[in-house]
Amino acid sequence: MLISSLHQQFQVSFSYPVHFTEGLFEADNLLLRQTLAPEPGGPPRRLFFALDSEVAAAHPHLTQQIADYCAAHADALQLSGPVLLVPGGEQCKNQPALVQQVLAATNDYHLDRHAYLAAIGGGAVLDMVGYAASVAHRGIRHVRIPTTVLSQNDSGIGVKNSVNAFGKKNYLGNFAPPFAVLNDYNFLLTLEDRDWRSGMAEAVKVSLLKDTAFFRFMQDNAAALAARAMPPMQHLVYRCAELHLQHIAGGDAFEQGSSRPLDFGHWSAHKLEQLSHYHLRHGEAVAIGIALDSVYAHMLGLLPAADLAAIIGLLQALGFDLYAPEMAAHLTEPSHPDSLLHGLQEFREHLGGQLTIMLLTGIGQGLEVHTIDEALMADAVQRLQQYSLVPAA
Ligand SMILES: NC(=O)c1ccc[n+]([C@@H]2O[C@H](COP(=O)([O-])OP(=O)(O)OC[C@H]3O[C@@H](n4cnc5c(N)ncnc54)[C@H](O)[C@@H]3O)[C@@H](O)[C@H]2O)c1
Ligand SMILES: [Zn+2]
C-alpha cells in the first residue's frame, strides 16, 4: 500500500563554447586566457595540463610553450603543477592505473571544482582524462584541447567520457559536458597519415545522415583531402563539429532513449576495434562500418545502387580500406564472442533497450531498424571484401 510520494523535478542547462584557432599557446593568442576569463581583479585561474605523449613527441617545445604562455599571462592563469604526460592512443583507455594517475594528480595538486583540468591529445586521451576530471570531486572543470581530426570534429566536442573495461569499449564512463573545447588546427599538421584520414570517416557518417551538400563537398575535395590540403580539412572539421553539436543539442544529449543516429556504422566498428586488438583506429573501423551497413542496406533493397557506389567511392578516394581480415572470423556464428556479428548484441547491451540500427535509404536519409538479418549481413561482409579488392577508379 502506497503511503505517500514526493516528486522531484528540475532541469540543468549546459552550455560550452567550441573555439577554432591556430597557435593556441602563442603568447599573443588570447583565446585560452579569454576562455577561462578571470573576473577583473580576481585571482588567476588555476590550471593543470595532461598531455598526450605522442603530441608531446611531435611538438617537443609544447611543454615549455605552455609554461611560457602561463607566465606571460600570470595575472590570469596559474599552473597548478607540471604538465602530466599520458601515453597516447587507445592503450590509455585500457589501463586503469592511468586513470588513477590522473586522479592522483588532482589530489596532489589540490585541483578543486573551480580549478581547470585541461587535456591535450587525441580522442583516447581526452576520453580518459575527461573521465578522471568528471569523477574527481564529482567534477573538475574540464577543458578539451583535441589534437586529431577525429577528436576535433567528433569525440572531443561532445558530452561523453569513457575508458574500456572487461574487454569492452567505453564500458565505464559518463555524460559530463566540458567547460570549453579549443580546437587548434596546427596540431593536425603532425598527424600520421592514418590519423589525418581516420577522422574523416565521422564526417562522411554525419553527412550521410544530415547534409547531402557536405557529402558532395567531400566528393569534390576528396583528392585534396587525401593529399592533406589544409583549407578543405578545416572546413570538414568545422562542419562536422557543427552537425554533431546541433544533433546533441537537438534531442537526447544524454542518450536515454534507444535511438542513436550518430552511431551509424558503429555497431561493427566498435566490435572491429576490439577484434583487431585496437590496431584499427576508431575512424578506420567506422569507415568499414559505414561501408558494411551501406552494402547491407543495398542488399535489403533500401539503398539505390548509385548511392552505394557514391559512398564506397568517397571512402576509397579518401584512402580508407573497407575490409579487415577479422571480419571473416566465425562470421556465421553470431553467438561466438569473436564473431563480428556478436557486435550487434554488444551494441544493444551497451545502449540498453531495443536494438536500434541506423541504415540509409539514400544519401542524407536515414532509417532506423530494429532487426538485422544476420545471414544477409554475413553476405554483406563477403560482398564488402570484393569491393576492397577493387580500388576506386
Ligand atoms: N567521447 C566520444 O563521444 C567519442 C566519440 C568517438 C570516438 N571516441 C573515442 O576516441 C578515440 C579515438 O580518438 P582518435 O581517433 O583521436 O585516436 P587516438 O586518440 O588513439 O590518437 C591516435 C594517435 O595519434 C596520436 N596523436 C594525437 N594527436 C597527435 C598529433 N597532433 N600529432 C601526432 N600524433 C598525435 C595519439 O597519441 C595516438 O597515438 C577512441 O577511443 C574512441 O572510442 C570517443
Ligand atoms: Zn565514432
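This is a short tour of a two-domain protein model, from the domains to their interface and on to a zinc site.

Before you start, note that this is a predicted model, in which local features need pLDDT of at least 70 and side-chain atom pairs count only at pLDDT 80 or more, while totals for chains, interfaces and linings use all residues. Residues are numbered from 1 along each chain as its sequence is written, chains are lettered from A and ligands numbered from 1 in the order in which they are written, and side-chain values use heavy atoms, with hydrogens and water left out.

**Stop one: the two domains**

Select 18–190 for domain 1 and 195–389 for domain 2; such bounds come from an automatic or database domain assignment. Their C-alpha centres lie 28 Å apart.

**Stop two: the interface**

Now show the residues in contact (heavy atoms within 4.5 Å): 25 in domain 1 and 32 in domain 2. Together the domains bury about 2,300 Å², with 67% of it on carbon and sulfur atoms. Buried area here is the accessible area (1.4 Å probe) that two parts lose on being put together, summed over both.

How many salt bridges cross the interface of domain 1 and domain 2? The rule finds two, a salt bridge being a side-chain nitrogen of Lys or Arg within 4 Å of a carboxyl oxygen of Asp or Glu. Then pick D154 and K205, whose side chains meet in a salt bridge at 3.5 Å, N to O.

On the domain 1 side, colour β1 (18–21), α6 (149–153), β7 (160–165) and β8 (168–175), the elements that each give two or more residues to the surface touching domain 2. Helices (H or I, at least four residues) and strands (E, at least two) are DSSP runs, numbered from the N terminus.

**Stop three: E273 and K169**

Next select E273 and K169, a salt bridge with its closest N and O atoms 3.1 Å apart. This pair joins helix α12 to strand β8, with their positions 104 residues apart in the chain. The structure holds 13 salt bridges.

**Stop four: the zinc ion**

Finally, centre on the zinc ion (ligand 2). Which protein donors does the zinc ion have? They are E202 (OE), H266 (NE2) and H282 (NE2), at 2.0 to 2.1 Å. Donors are N, O and S atoms within 2.8 Å of the metal (3.2 Å for Na, K and Ca); water is not among the atoms, so sites may look incomplete. Along the sequence the donor spacing reads E-x63-H-x15-H. E202 sits in helix α8 (residues 200–210) and H266 in helix α12 (residues 266–275), 64 residues apart.
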